[in-house]
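Biologist: Could you take me through this chain piece by piece, with the reasoning laid out for each answer?
Modeller: Gladly; please have the sequence and the structure in view as we go.

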Amino acid sequence: MASYPASPRDAFLQLRSLSEQLSVPERRPHALAELRELAALARDKPEGAPLRLTSVVVVVGASQVRLELLLLPTIFAPESWAYTFLEGLLKVPLDEYAGKRLVEVGAGSGWICIALARLTRLAHVLGVDLNPQSAPVAWCNAWLNGDEELVSRLSFGESDLLRQVPESEPWDFIVGCIPQVLRGEGLPAEVSQADEQSLYDLSNYCAIQNVYEDHFGLGLIARLLDEAPERLAPDGRLLLNLAGRPGRAIIERMFTRRGFTTRVRVARRVMQAADTDIRPLVALEQRTGREFEFFMDAHSPEPLRAATALGWLAAGHPIWHEVAVWESRLALPRETLALRAALRALGRPGLQEEMDLASASPEQLGFVAGLAERLARSPFLPYAHESGDLGLRQLVARYLGRFFDLRLSEEEIFIAPEREQAVYSLLLATCDEGDGVMVSRNLHAVYARVLDKAGVRVTVTHNTLGEIKRLLSAFDVKVLLLSVEPEERASMAELRDILQEAERRGILVVLDESLFFNITAEVEPRTLFEFLAREARTSNLVVLYGLIKNAVFPDWELTLLLPVPATLRGDLEVAAEVTYSRISTLLEWFYERTFAELLTFSIAFAAPEPPPARPTPKVPLPRSRRIARLAGLPAFAPKVFHEDDPELVRLDYGENEYPLPLPLMEGLVAACAAPRDSGTQHGLADSVAAFLLETRGVRYAPEELTLAPGVWPLVHHLGVALRRLLGRAPRVFVATPCYGVLPPAWVAAGAEVELAPLSSLQAQRGRNAPDVVVVSQPSNPSGHYLSHEELVELAAYVVEQRCLLVSDEIFGLVNLTNPTAETVHAPVGLEATVPGIDERTVLLGGLSKEFAAGGLRVGWMAVRDRALAAAVHESAPGVLHLATARAASRLYAAYARSPEGKLLYPERHRALREFLVRMRRDLAEKRALIAEALPEDGRAETVEAGGLFLAPRVTSWLGREVGGERLTVENLPAVVYAHTHVVLNGGNWCGDPARVRVVFSIPREKLLKARERLMAFSKALRQG
């Protein structure tokens, strides 16, 4: 026998007991009878009563459904906004619900779930609510309005949005009506212990979600959108009832930036509920400057802002707002879900909050997901090879063979950065200053700056192949650079004649096909590829394909040179090394993915034919005197080891093989996900300026900073700029021991280079003083920091002799003696002690060493002389890609402070400090391990050490015999390798014959192998 409850608490306990009994078949008849009795007792009870019964009539076409609903004071009664919600749900063609699964978030009394179950053929409807009293009420209402068949398609439960809804079975529809007004004092921490008013407020207000949409009262809906994708079926839909107070543009933006497409199913004006306090919206309006939208009546043509609406309401008038049912679905479900999974694997799921996926293409999202997944699996960003990594060259070769029938070996393909850098390397390799180069008019504007920088004598021709052929016979040139116009592409007879004439005279022909090359599997005119496939005997033609049509990342340009003769290839590697025009690993990964996707399916009926043999040119191809000189320097001496040696351990080459810092990984993923229309701003100069102020104590204006794809291009182009400004070859003093490629980089730029210990500099004064003094802090390769006294002495010399001091500080923060160091002892910090040194110092740095990101290619130069900075910039040291600059800016911005001195991004700053401490300690341990296997350095241990290298003196080894062979400066690397399979840099390589250079930043397992073998070698020397 049912009795009317005395309190809301009693009513809830009574309904909960009945819902439990109704779930047991043998107890159900009695429970149903008692439920109907209780409903009769609750009929006509007033609002606020412990339990009341209300009726709702839903009409759809000829169908009419009457629902009787039990309500507690904690449960919302159906109102006009809820009617709009159901109307919008029923705007979906009813047959689209048939056999599908639907979950309603914020189900309350369950009436919408019940109505949908009665009016559609949904297979299953789940209603969830954060209010723990909701589910028992909904179960009772379901039995009150349906039979066993209906109830079998319904279920109800407790969930904070979708968090307690399992991901195991996807849902075809996720629907809901979510609170949009912030409650200033917050919601109860323990919902189960909340009073009736607090439970009622769960359906009326939302707490701050710490997302961007909090500014508009949309934070809870935004969180639902973030939780929904994994629970949606591939073509699943969201249908959400939203108050239009923030305005449609803001609401739509909330959906689209998360990768959803959206439309409004139905919209109505409803009266603002009297029990909803809009004062929090007024406060948001004042804080953000964004206006909400209310209306004076149901048909007002213009909206009121929240502050005005509050005043109108206080005057005793009702206010209205729009309610609309928004339907949305993922635009790119496969790619979006892959990206979200990758961000979880990376440990940064919150990063998706920063992303704007509104205009993302499948290619972009696919790459970003792959990038995040790759970084989660292997958080390293290694340098690419000078000619492009083997894997990418093999993919290019397979692509050309499959789609163009052009068979090349990967060794005939050279991959360079943008076209300008590729042509610059070609000119360095083939031409000296004053040598003749012929260029067709259609390419001259593209390469004018590069031709000028290389110092060649340019003859500009018409574009017609027949006229180029005639002009070629009248000029003495080393290189012909041309492009074939569309109207001449049908026949290649004229081009064949040009090649024959060029081959007879030893002229290199570079054919730029960039405008006509698309990476595609579609059928396109391929005349030139067919020509190349037929002309296997052509020995003096290099075709240049600039990948300039990247629709996803417009500035991600790579250049393919093919087929490249072996002799030219070696010289191109030298040219690329001295200018460090390596491709970005990020771009390499993108194009690897692009080519691999085109090659995913292949049917072959026979093994592919091998590439044809390339003939030796009848007349040798041009080779510049400067490339011959560079190739003869110790840095490019023939290798003493075999690349395929399974026991090989290279200590002659290395980078910082340490996992990337988390802020940089976040920056890479976020930057690559940025929309194409997000502008060109990246803020890197400002961020680097903040970094320098924090680590060097010196303030630079952004205009005093030059950015480039790495430090080495800046070194080379600094030499080019100085030569132009001085009107002669700059005299450059390089302190030894030094990095082996440093002298060739200055030589390639046209400088006169002297190598000597820094101690000998003081004797060079007056006319004998150099124009430029080059040091590194700490030293590469010894790893020693110059002491304060040494820096003061050097600074005084530079100011007195009016030199330029180039301080390479790319290893500056890699301090192994002091793992917690936060500053770098730099010459620019001595201005108070040595006035004028600040104006005469060129500071160089980048991401590669301090933050283990060599393959990203980010370098910066800080200099007060803005004319010099402009000259370096005009020399075109390469393109720093927008996504790369944005990722680097995110990292360096960790050092930015407010005018009051507070860090703007303290968590990012903390992450970088922790990263540096871990990295330094790991490197310090490796340094100590390998040092034990090498001769004594002879330097006091009190000297601060850093970097990734050791350069100990090896005089104790020289002159000794091992295996019947006496060690000399010249043969030491070869002998060490022969006995240990370990490769070291010799003394001539680093400008100090008494030393060797050893890299210790390789993986520990390899380092321990090298240590063991070198210790055995040292022991054999002593015994010999």
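**Strands 3 and 4**

Modeller: To begin inside the chain, V103 stands opposite L126 in strand 4, and I should say early that this is a predicted model.

Biologist: In which sense do strand 3 and strand 4 pair, and over how many bridges?
Modeller: Strands of a sheet pair through backbone hydrogen bonds, either parallel or antiparallel. Strand 3 covers residues 101-105, and V103 faces L126 of strand 4 across the pairing. Strand 3 and strand 4 pair in the parallel sense, over 5 bridges.

Biologist: How many residues of strand 4 are buried?
Modeller: In a regular strand the side chains alternate between the two faces of the sheet. On one side of strand 4 H124, L126 and V128 are buried, and on the other V125, G127 and D129 are buried, which leaves both faces covered. For strand 4, residues 124-129, the number buried is 6 of 6.

Biologist: What share of the residues of the protein chain count as buried?
Modeller: The secondary structure of the chain comes to 32 helices and 29 strands, and its C-alpha trace spans about 110 × 70 × 60 Å along the principal axes. Among contacts with a separation of 6 or more, residues 24 or more positions apart account for 76%. Buried here means under 20% relative accessible area, and of the 1024 residues the share that counts as buried is 58%.

Biologist: Against which elements do the buried residues of helix 9 pack?
Modeller: Helix 9 spans residues 248-256, and its buried residues are I250, I251, M254, F255 and T256. These buried residues pack against helix 8 (219-227), strand 7 (232-243), strand 8 (260-271) and strand 9 (320-330).

Biologist: How far does helix 13 reach from its first C-alpha to its last?
Modeller: Helix 13 (residues 362-377) buries Q364, L365, G366, F367, V368, A369, L371, A372 and L375, and its buried residues pack against helix 12 (333-346), helix 21 (585-598) and helix 23 (662-673). With 16 residues, helix 13 is expected to span 22 Å at 1.5 Å a residue, and its reach is close to that, at 22 Å.

Biologist: Which strands stand at the edges of the sheet ordered 10-16-15-14-13-11-12?
Modeller: This is an open sheet of 7 strands with mixed pairing, and its twist averages 20° from one strand to the next. Within the sheet, strand 15 (residues 541-546) and strand 16 (residues 559-562) run antiparallel and are joined by 4 bridges, with Y545 having L560 as its bridge partner in strand 16. Two strands have a single partner strand each, so one side of each is left without a neighbour in the sheet, and these edge strands are strand 10 (414-416) and strand 12 (457-461).

Biologist: At what angle does helix 20 run to strand 10?
Modeller: Helix 20 (residues 566-579) lies across strand 10, strand 14 (508-512), strand 15 and strand 16. Its direction relative to strand 10 is about 20°.

Biologist: At what angle do the axes of helix 15 and helix 16 cross?
Modeller: Helix 15 (residues 419-430) and helix 16 (residues 441-454) have axes that come within 9 Å, and helix 15 passes helix 16 in a right-handed crossing. Helix 15 contributes R419, E420, Q421, V423, Y424 and L427 to the contact, and helix 16 contributes V446, Y447, R449, V450, L451, K453 and A454. These residues divide into 8 nonpolar, 1 polar and 4 charged. The crossing angle is roughly 35°.

Biologist: In the sheet ordered 18-24-23-22-21-19-20, which residue is the bridge partner of T706 in strand 24?
Modeller: The sheet is open, with 7 strands and mixed pairing, and strand 18 (705-708) and strand 20 (752-757) stand at its edges, each with a single partner strand. Strand 18 and strand 24 (residues 859-862) run antiparallel and are joined by 4 bridges. In strand 24, the bridge partner of T706 is M861.

Biologist: Is T820 buried, partly exposed or exposed?
Modeller: T820 lies in the loop between strand 22 (804-808) and strand 23, and, leaving aside neighbours within four places in sequence, T820 is in contact with V917 and R920. R918 is 98 residues away in sequence, yet its C-alpha is 9.4 Å from that of T820. Because buried requires under 20% relative accessible area and exposed requires over 50%, the 46% of T820 makes it partly exposed.

Notes: Residues are numbered from 1 along each chain as its sequence is written. This is a predicted model: local features need pLDDT of at least 70, side-chain atom pairs count only at pLDDT 80 or more; totals for chains, interfaces and linings use all residues. Side-chain values use heavy atoms; hydrogens and water are left out. Axes are lines fitted to C-alpha atoms, for helices over the stretch in contact, and angles run from 0 to 180 degrees between N-to-C directions. A crossing is left-handed if the near helix is turned anticlockwise from the far one by less than a right angle, and right-handed if clockwise. Contact means heavy atoms within 4.5 Å. Ala, Val, Leu, Ile, Met, Phe, Trp, Tyr, Cys and Pro count as nonpolar, Asp, Glu, Lys and Arg as charged, and the others, Gly among them, as polar. Two strands pair if DSSP finds at least two bridges between them. The expected span of a helix is 1.5 Å times one less than its number of residues. Buried means under 20% relative accessible area, exposed over 50%, partly exposed in between (1.4 Å probe, protein chains only).
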